[in-house]
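Student: Please take a close look at the ligand site of this model, and describe the parts of the chain that go with it.

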Amino acid sequence: MAPKITVIGTGYLGATHAAAMAELGFEVLGLDVDPAKIELLSAGRVPMYEPGLEDLLRQHVAGHEGSSGRLRFTTSYEEVADFGDVHFVCVNTPQKQGEYACDMRYVDSAFESLAPLLRRPALVVGKSTVPVGSASRLAARLSELAPVGEDAELAWNPEFLREGFAVQDTLRPDRIVAGVTSERAEKVLREVYAAPLAAGTPFVVTDFPTAELVKTSANSFLATKISFINAMAEVCEAADGDVVKLAEAIGHDERIGKKFLRAGIGFGGGCLPKDIRAFMARAGELGADQALTFLREVDSINMRRRGHMVELARDAVGGSFLGKRVAVLGAAFKPDSDDVRDSPALNVAGQIHLQGAQVTVFDPKGMDNARALFPTLGYAPSALDAVRGAHVVLHLTEWREFRELDPEELGAVVDDRRILDGRNALDPEVWRQADWTYRALGRPRL
Ligand code: UDX
C-alpha cells in the first residue's frame, strides 16, 4: 500500500508540496494552525500568487468538482497523526527579531504537537531550512515523545523550490537530498519520490548534518554569485565599464555559468537574506565563524545596492527629493510572485519616501501585500497611472509587462523622461530612442 502523506505547514513550501504529492498519486492531508488558511485551501484557493499552484490544488482538493479528491486539509494534529505514514514538516523558519539567528519556534512546536500523538510507526521528514544540528536534536526529541518510541523516525529532506517556479521545482526537482540514519527511512523516501526518481532525478543520500548544510550552502552560493556580479557592477560604474556585457562574457565559461549573474538592486525575499545570516550565526556557535566571514561581505554588498539606487534617484531629481514625484515599478522581491518580504524594490521606495519624495508604486501582483507593509506609500492601479507626473521612474522588479511598456505612451504623462533601471532588464535603446534619459546600475551613463 502506498504510504499516506501529511504536510504540516501550508505556506509556499507546504501548500506546493501537498498539491504535488497528491499529483504524484498519494492520499494527502495538509495541516496548518491557521484556520483561515485551511478554509481557503479547502475551497481550492491559494493564499498567495504562485503560477500554476491554484490549478494543481483544484485538480486534487476533495469536494472540488472533477478533482481526484486525494487532498484534504485540517487544523487537527490528532487527525494528522492517525492518518499519516509519512509526515512532512514544512513550517517556516524566519529570522529572529534583531538577531541573525533563525527562529525555530514553529519547527519545535510542530514536533512537540505531533510526536506525542504518534501511536503507529511513522517517518517524520523535515523540509524546513534549519541550523545544522537541528535534525539530530529533533530526532532525539521525537523518539522521547512518541508513544511508538523508535518506530517514529526522522529524515531530513531539504527543499530547493524557487517562488514563481514552485510547482515545477517540486514536481521536477534538480536533485533530491535524503538525510537518513536507517535503510528503512531511505526506502520510504525512495517510494515517495518514485516518480521523479524514475524520470532520472539524482538522489543524494547523506547524514543529517550534511543534508541540512546542502540547503544553506546552496543558498549561500547563489547569494554570493549575485553579490559578486553586483560588486563588479560597482567597479564597472567607477571605470565606465558595462556589467551586463561582462556577465555575458564570463558566463560563457561553463565553470562560471550564465545564471544568477544579473546585476541590479540585489537579492531579497524570504530565503536568501535570512538564510545567509542564520548560517553565519550557526557557524559562530560551532566555532567556525571565520569560514563564513565572506558572507558578511555578501550581505553588505547586497544592502549597499539599495542605498546606491536611492542615491542615483536623488541625483536624477536634482539632489533633493523634497517636492519631487517618484514612480516605482515593482514591489515584489522578484517577478511572478506577490511576495514582498525583504523586497529590495519596496525598501528603496520606503527610503525615498522617508527622504521627502511623493512615491507612487505599481506592481502586477504584489499591491495588497505592499500596502499592508508600507501603508504610507502611494499606490496606482497601473504602470501608466503610477508614472503620471513623475520626475523620475524607477524600474525595480523585472516583470515581463514592464519590459513591454511603450516609452512613448509613458513619456506623454511623466513630468520628466528619466528612467533608472534597477534590474538591467529594459532595452536601453528603446527608451533612449524615445528621448528618455535611461540609466542602469553598472552600465555606462551615455
Ligand atoms: C531561493 C533559491 O533560489 C531557492 O533554491 C531556495 O529554495 C529558496 O531561495 P527564491 O527566494 O524564490 O529562491 O528566489 P530566487 O529566484 O533565488 O531570487 C532571490 C533574489 O535574488 C530575488 O530578489 C532576485 O531578484 C535576486 N536575483 C536573482 C538577482 O538579483 N540576480 C540574479 O541574477 C538572480
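Tutor: What follows starts at the ligand, moves to the two domains, and then goes through some of their helices, strands and loops. The model is predicted.

The shell around the ligand has 19 residues, of which Glu163, Arg262, Phe267, Gly269 and Cys271 come nearest. By class, the shell holds 10 nonpolar, 5 polar and 4 charged residues. Helix H10, residues 208-239, gives the most to this shell, with 3 residues. The ligand lies between domain 1 (5-206) and domain 2 (215-446), because both domains give residues to the shell around it.

Those two domains come from the domain assignment of the protein chain, which gives 5-206 as domain 1 and 215-446 as domain 2. Taken over C-alpha atoms, the centres of domain 1 and domain 2 are separated by 33 Å. In the contact between them, domain 1 takes part with 15 residues and domain 2 with 18 residues. The side of domain 1 that touches domain 2 is made up of 11 nonpolar, 3 polar and 1 charged residues.

Next, the start of the chain. In strand S1 (residues 5-8), Ile5 and Val7 point one way while Thr6 and Ile8 point the other way, and all are buried. S1 pairs with strand S2 (residues 28-31) in the parallel sense, over 4 bridges. In this pairing, isoleucine 5 stands opposite valine 28 in S2.

Helix H1 covers residues 12-23. Its 12 residues should span 16 Å at 1.5 Å a residue, and the end C-alpha atoms are 17 Å apart, which agrees. H1 is mostly covered, with 12 of its 12 residues buried. Among them are His17, Met21 and Glu23. Just after H1, glycine 25 takes a positive phi of about 105 degrees.

Now the sheet with strands S9 to S14. It is an open sheet of 6 strands, in the order S11-S10-S9-S12-S13-S14, and the pairing is parallel. Strand S11 (378-379) and strand S14 (437-440) are the edge strands, each pairing on one side only. Within the sheet, strand S9 (residues 325-329) and strand S12 (residues 392-395) pair in the parallel sense over 4 bridges. Alanine 327 stands opposite valine 393 in S12.

Two loop residues remain, and both concern the backbone angle phi. Most residues other than glycine have a negative phi. Phenylalanine 260 is not a glycine, yet its phi is positive, at about 60 degrees. Phenylalanine 260 lies in the loop between helix H11 (243-251) and helix H12 (272-285). Phenylalanine 260 counts as partly exposed because it has 16 C-beta neighbours inside 10 Å, and a residue needs 20 or more to be buried.

Aspartate 342 is also a residue other than glycine with a positive phi, here near 40 degrees. Aspartate 342 lies in the loop between S9 and helix H14 (344-354). With 17 other C-beta atoms within 10 Å, aspartate 342 is partly exposed.

To return to the site itself: the ligand lies between domain 1 and domain 2, and Glu163, Arg262, Phe267, Gly269 and Cys271 come nearest to it.

Terms used. Residues numbered from 1 in each chain as written. Predicted model: local features only at pLDDT ≥ 70, side-chain atom pairs only at ≥ 80, totals over all residues. Near = placed C-beta within 6 Å. Helix = DSSP H or I, 4+ residues; strand = E, 2+ residues; numbered from the N terminus. Nonpolar A, V, L, I, M, F, W, Y, C, P; charged D, E, K, R; others polar. Domains from an automatic or database assignment. Contact = placed C-beta atoms within 7 Å. Expected span 1.5 Å × (residues − 1). Pairing = 2+ DSSP bridges.
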